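These are my notes from one sitting with a single model, kept in the order in which I looked things up. I began with the charged side chains and worked outwards from there.

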Amino acid sequence: MEIIILDGRRMLTFDDLHDYLKKSMRLPSYYGRNLDALADCLGELGSNVTVILNNASEMNSGLGVYGDKLLRVFRDMSSEPGAFNFVISE
């Protein structure tokens, strides 16, 4: 099983968020730096991957509504059959 740990303190602005996700999740070079592109990439992870998001409240403080949308993408994509596991840990 692969575990990807994300730190919300490193995702406080739009640019920082997408740069950090691309690097820490090893997203492909064609990653489009938007939530639709992220959803496409998350759909490819599979059930042997767990994504743990630490410091989500700090991320949301920086990103505001965009942070809420980001969390919704992770939750929605992780609820698909055969999808990755998603955990929020403060």
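**Entry 1: charged pairs**

I looked first at a cluster of charges, and found Asp15, Asp19 and Arg33 linked in a network of salt bridges, a salt bridge being a side-chain nitrogen of Lys or Arg within 4 Å of a carboxyl oxygen of Asp or Glu. Before going on I noted that this is a predicted model, in which local features need pLDDT of at least 70 and side-chain atom pairs count only at pLDDT 80 or more, while totals for chains, interfaces and linings use all residues. Residues are numbered from 1 along each chain as its sequence is written, and side-chain values use heavy atoms, with hydrogens and water left out.

Within that network I looked up the pair of arginine 33 and aspartate 19, whose closest N and O atoms are 2.4 Å apart. This pair links distant parts of the chain, since arginine 33 sits in the loop between H1 and H2 and aspartate 19 in helix H1, 14 residues apart; helices here are DSSP runs of H or I with at least four residues, strands are runs of E with at least two, and both are numbered from the N terminus. Arginine 33 counts as partly exposed at 27% relative accessibility, and aspartate 19 also counts as partly exposed, at 44%. For these classes, buried means under 20% relative accessible area, exposed over 50%, and partly exposed in between, with a 1.4 Å probe and protein chains only.

How many salt bridges does the structure hold? I noted four. One of them joins arginine 26 to glutamate 2, with the closest N and O atoms 2.3 Å apart. It too links distant parts of the chain, from the loop between helix H1 (14–24) and helix H2 (35–42), where arginine 26 lies, to glutamate 2 in strand S1, 24 residues away. Arginine 26 is exposed at a relative accessible area of 58%, whereas glutamate 2 is partly exposed at 27%.

I then looked up aspartate 7, which forms a salt bridge with arginine 9, the closest N and O atoms being 3.2 Å apart. Aspartate 7 is buried, with a relative accessible area of 19%, while arginine 9 is partly exposed at 46%. As a further check on aspartate 7, I took its C-alpha distance to arginine 72, which is 17 Å for a separation of 65 residues in sequence. Arginine 72 belongs to helix H4 (residues 65–78) and counts as partly exposed at 46% relative accessibility.

**Entry 2: strands**

I turned next to the strand pairing, where two strands pair if DSSP finds at least two bridges between them. S1 and strand S2 (residues 49–54) run parallel and are joined by six bridges, and S2 pairs in the parallel sense with strand S3 (residues 85–89) over five bridges. Leucine 53 stands opposite isoleucine 88 in S3.

Which residue of S2 is the bridge partner of isoleucine 3? It is threonine 50, which is buried at 10% relative accessibility. Leaving aside neighbours within four places in sequence, threonine 50 is in contact (heavy atoms within 4.5 Å) with Met1, Glu2, Ile3, Ile4, Asn85 and Val87.

Isoleucine 3 itself is found in strand S1 (residues 2–7) and is exposed, with a relative accessible area of 52%.

**Entry 3: the whole chain**

Finally I recorded the overall picture. The protein has four helices and three strands, and from the N terminus on its elements run β-α-α-β-α-α-β. The radius of gyration is 12 Å, close to the 12 Å that the globule rule gives for 90 residues, so the protein is as compact as a globular protein of that length; the radius is taken over C-alpha atoms, and the rule is 2.2 Å times the number of residues to the power 0.38. The C-alpha trace spans about 30 × 30 × 20 Å along its principal axes.

Buried residues make up 39% of the 90 residues. Among contacts between residues at least 6 apart in sequence, 61% join residues at least 24 apart.
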